[in-house]
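Subject: Handover of a structure

Dear colleague,

I am handing over the structure shown below and would ask you to read it alongside the notes that follow. The notes begin with a single residue and then move outwards to its surroundings.

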Amino acid sequence: MGHNSTGSVWLALLLVLLAWPAFFLALWSVILFIMSALGGWRRLAALYGAAQPPSGGRQYAWMSGMLGIARYNRTLIVTASDAGIHIKTRRILGLFHPPVMIPWEDIHQPQRSSFLRRQFVSFDIGTPKIVRMTLQAAVFEGTPVAAALL
């Protein structure tokens, strides 16, 4: 009797160890899908999808921002160039978040704000507005958006 119950415990433990990673990956995928859909990333990608950042731009890694209601804390890689801003997420958030390239002329109503001594710029994307985004203000230094903030 003791031998069978020990075998059952080991079998249960093995099943949990094998099922946990699959469960976690499935849950993470659902979370990323919801973030992309509710935040607006999926709509942006449909219109502004771009695999590679433009050459010659300034890259900002580990940036924080918001897209709609979705918050991205230190997970964005933003490249500002003459053409606009290229935004992608760290690999851990890459599923359902393809890179996007937003031209300067599609950025409207920029507004500066601050939070905990950090400067941010919030702006609408597209005409009509697709979504509102907030990024750290450093991205916009020397760009057409910076001129509109003065």
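Leaving aside neighbours within four places in sequence, T89 is in contact with W41, Y72, T75, L76, G94 and H97. Please bear in mind throughout that this is a predicted model.

T89 belongs to strand β3. Is T89 buried or exposed? Its relative accessible area is 8%, and because buried means under 20%, T89 counts as buried.

One of the contacts of T89 is T75, a residue of strand β2. T75 is likewise classed as buried, at 14% relative accessibility. Not counting residues up to four places away in sequence, T75 touches M63, K88, T89, R90 and L93.

The sheet

Which strands make up the sheet, and in what order? There are 7 strands in an open sheet, arranged as β4-β3-β2-β1-β7-β6-β5, and the pairing is antiparallel. At the edges are β4 (100-103) and β5 (107-115), each of which pairs on one side only. From one strand to the next, the twist averages 35°. As general background, the strands of a sheet pair through backbone hydrogen bonds, either parallel or antiparallel.

At the β4 edge, β3 (residues 84-89) pairs with β4 in the antiparallel sense over 4 bridges. H86 has M101 in β4 as its bridge partner.

Helix α2 (residues 41-48) lies across β1 (58-67), β2 (70-80), β3, β4, β6 (118-125) and β7 (131-136). The helix runs at about 70° to β4. W41, named above as a contact of T89, falls within the residue range of α2.

Strands β5, β6 and β7

β1 and β7 run antiparallel and are joined by 3 bridges; M66 stands opposite T134 in β7. On the pairing of β6 with β7, there are 6 bridges in the antiparallel sense. Here S122 stands opposite T134, and F120 stands opposite Q136. T134 of β7 is thus set opposite both M66 and S122.

How many residues of β7 are buried? The count is 5 of 6, so β7 is largely enclosed by the rest of the structure. β6 is mostly covered as well, with 6 of its 8 residues buried.

The hairpin of β6 and β7 has 5 residues between the strands, and in it G126 takes a positive phi near 90°. The hairpin of β5 and β6 has 2 residues between the strands, and there L116 takes a positive phi near 50°. β5 and β6 run antiparallel and are joined by 7 bridges. S113 has F120 in β6 as its bridge partner.

The largest pocket

What is the volume of the largest pocket? It is about 240 Å³. The lining consists of S64, G65, M66, R71, N73, S113, S114, F115, L116, R118, F120 and T134. Several of these have appeared already: S113 and F120 are bridge partners, M66 and T134 stand opposite each other, and L116 has the positive phi in the hairpin of β5 and β6. The elements that give two or more residues to this lining are β1, β2, β5 and β6. By character, the lining residues divide into 4 nonpolar, 6 polar and 2 charged.

Yours sincerely

Technical notes: Residues are numbered from 1 along each chain as its sequence is written. This is a predicted model: local features need pLDDT of at least 70, side-chain atom pairs count only at pLDDT 80 or more; totals for chains, interfaces and linings use all residues. Side-chain values use heavy atoms; hydrogens and water are left out. Two strands pair if DSSP finds at least two bridges between them. Axes are lines fitted to C-alpha atoms, for helices over the stretch in contact, and angles run from 0 to 180 degrees between N-to-C directions. Contact means heavy atoms within 4.5 Å. On a 1 Å grid over the protein atoms alone, a cavity is a set of points where a 1.4 Å probe fits but cannot get out, and a pocket is an open set with protein on both sides within 12 Å along at least five of seven lines; lining residues have an atom within 4 Å of a point. Grid points are joined across faces, edges and corners, and a volume is the space filled by probe spheres set on the points. Ala, Val, Leu, Ile, Met, Phe, Trp, Tyr, Cys and Pro count as nonpolar, Asp, Glu, Lys and Arg as charged, and the others, Gly among them, as polar. Buried means under 20% relative accessible area, exposed over 50%, partly exposed in between (1.4 Å probe, protein chains only).
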